[in-house]
Amino acid sequence: MSLEWFDRVSGELQDHLQSICEKYDRNGSMIVERGSKHPRIEFYTELDDNERDYFSTLFFDPYNEEFYMESFEPDLGQISKVILSDIEDIVDAVHESFHNYLEEDDDDYEYDMDDENDDLYDPDGEDSEIYEIDVEWETPEVTAYIQDNEVEVTYQFGIVQETGDGVLKRINRIRTADDDLIKDETNFIFSKEEASTIIAMIASHMDSLSEME
């Protein structure tokens, strides 16, 4: 197990990130976390209130010495893992994540997708591999909130078998006036180190929260 490849990519990504962000007049930064079972690089921009807005996370598997990204596929209800085989694939993946972030953040931005420098990575291309992540659900769906059989919010906790990270799945079900059921599902993935911080932050601010109406 070696982190030499991880450290090399981390160093090169800083220069690439600065170039990408300067192109769109945005400030982008990254945090390198080497202490996790699967080290990761988190990318973010700083908002006017000095808050961080994260737009991508790059993971490294030290046993197989490969980088990958995770994404949730709503149609499949599964978490997918995209293997990035070389530095070009990694840079393109971060570039695409930044594009998507800007598109969601500001609809006024326009991009020339035919730019010769915009070779965004193709998850179906020859140099990448996609497969579902194995999550072992430790709990059943637990109802957190329900109202008149019209709104129901449930949570489920699981463990990503390959990395040992936690997964918190939130399912929001709404029944419309036409008796149609709308289901919205999101997944939040976090490490053991993050879990303790999240728990402490929520516990210390519970009194400030308002009940759902």
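This report walks through a predicted model of one protein chain, from its overall layout to a few single residues.

## Overall layout

The protein chain has 3 helices and 11 strands. In sequence order, the elements run α-β-β-β-β-β-α-β-β-β-β-β-β-α.

The chain holds 213 residues, and 35% of them count as buried. Its accessible surface is about 13,600 Å². Carbon and sulfur atoms make up 43% of that surface. Now take the contacts with a separation of 6 or more: 44% of them are between residues 24 or more positions apart.

## The nonpolar cores

In soluble globular proteins, nonpolar side chains tend to be buried together. The largest nonpolar core in this model has 22 residues. Those with the most contacts inside it are L13, I41, F43, L58, F67, L84 and I90. Six elements each supply at least two residues of this core: helix 1 (4-23), strand 2, strand 3 (52-61), strand 4 (66-73), strand 5 (78-84) and helix 2 (87-105). Helix 2 gives the largest share, 8 residues.

Another core lies apart from this one. It has 5 residues, among them I133, V135, V160 and V167.

F43 belongs to the largest core. Beyond residues up to four places away in sequence, F43 touches L13, L17, S29, M30, D53, Y54, F55, S56, L58 and V94.

## Strand 2: E42 and T45

Strand 2 covers residues 40-46 and includes T45. E42 is in strand 2 too.

E42 has a relative accessible area of 17%, so E42 is buried, the cut-off being under 20%. The side chains of E42 and R40 share a polar contact of 3.3 Å. With neighbours within four places in sequence set aside, E42 is in contact with S29, M30, I31, Y54, S56, T57 and E194.

T45 has a relative accessibility of 5%, and therefore counts as buried. The side chain of T45 meets that of Y101 in a polar contact of 2.7 Å. Leaving out residues up to four places away in sequence, T45 touches N27, G28, E51, R52, D53, F55, F98 and Y101.

## Strand 10: I171

I171 sits in strand 10, which spans residues 166-175. Its relative accessibility is 2%, so I171 counts as buried.

I171 and K183 are 12 residues apart in sequence. In space, their C-alpha atoms are 6.9 Å apart. K183 is also one of the residues that I171 touches, not counting those up to four places away in sequence. The others on that list are E141, E152, V153, T154, D184 and E185.

## A nonpolar patch at the surface

Some nonpolar side chains lie at the surface. I202, M206 and L209 make a nonpolar surface patch of about 310 Å².

I202 is part of helix 3, residues 192-203. The relative accessible area of I202 is 46%, so this residue is partly exposed.

## In brief

The chain combines 3 helices with 11 strands. A nonpolar core of 22 residues is the largest, and another core of 5 residues lies apart from it. T45, E42 and I171 are buried, whereas I202 is partly exposed.

Methods
Residues are numbered from 1 along each chain as its sequence is written. This is a predicted model: local features need pLDDT of at least 70, side-chain atom pairs count only at pLDDT 80 or more; totals for chains, interfaces and linings use all residues. Side-chain values use heavy atoms; hydrogens and water are left out. Helices (H or I, at least four residues) and strands (E, at least two) are DSSP runs, numbered from the N terminus. Buried means under 20% relative accessible area, exposed over 50%, partly exposed in between (1.4 Å probe, protein chains only). A polar contact is a pair of N or O atoms within 3.5 Å; within protein, one must be able to donate a hydrogen and the other to accept it, and residues adjacent in sequence count only if both atoms are side-chain atoms. Contact means heavy atoms within 4.5 Å. A nonpolar core is a set of buried Ala, Val, Leu, Ile, Met, Phe, Trp, Tyr and Cys residues joined through side-chain atoms within 4.5 Å. Patches are made of residues with over 30% relative accessible area and no salt bridge: like charges are joined within 9 Å, nonpolar side chains (Val, Leu, Ile, Met, Phe, Trp, Tyr) within 5 Å. Accessible areas come from the Shrake-Rupley method with a 1.4 Å probe; for residues, only the protein chains shown count as cover. A salt bridge is a side-chain nitrogen of Lys or Arg within 4 Å of a carboxyl oxygen of Asp or Glu.
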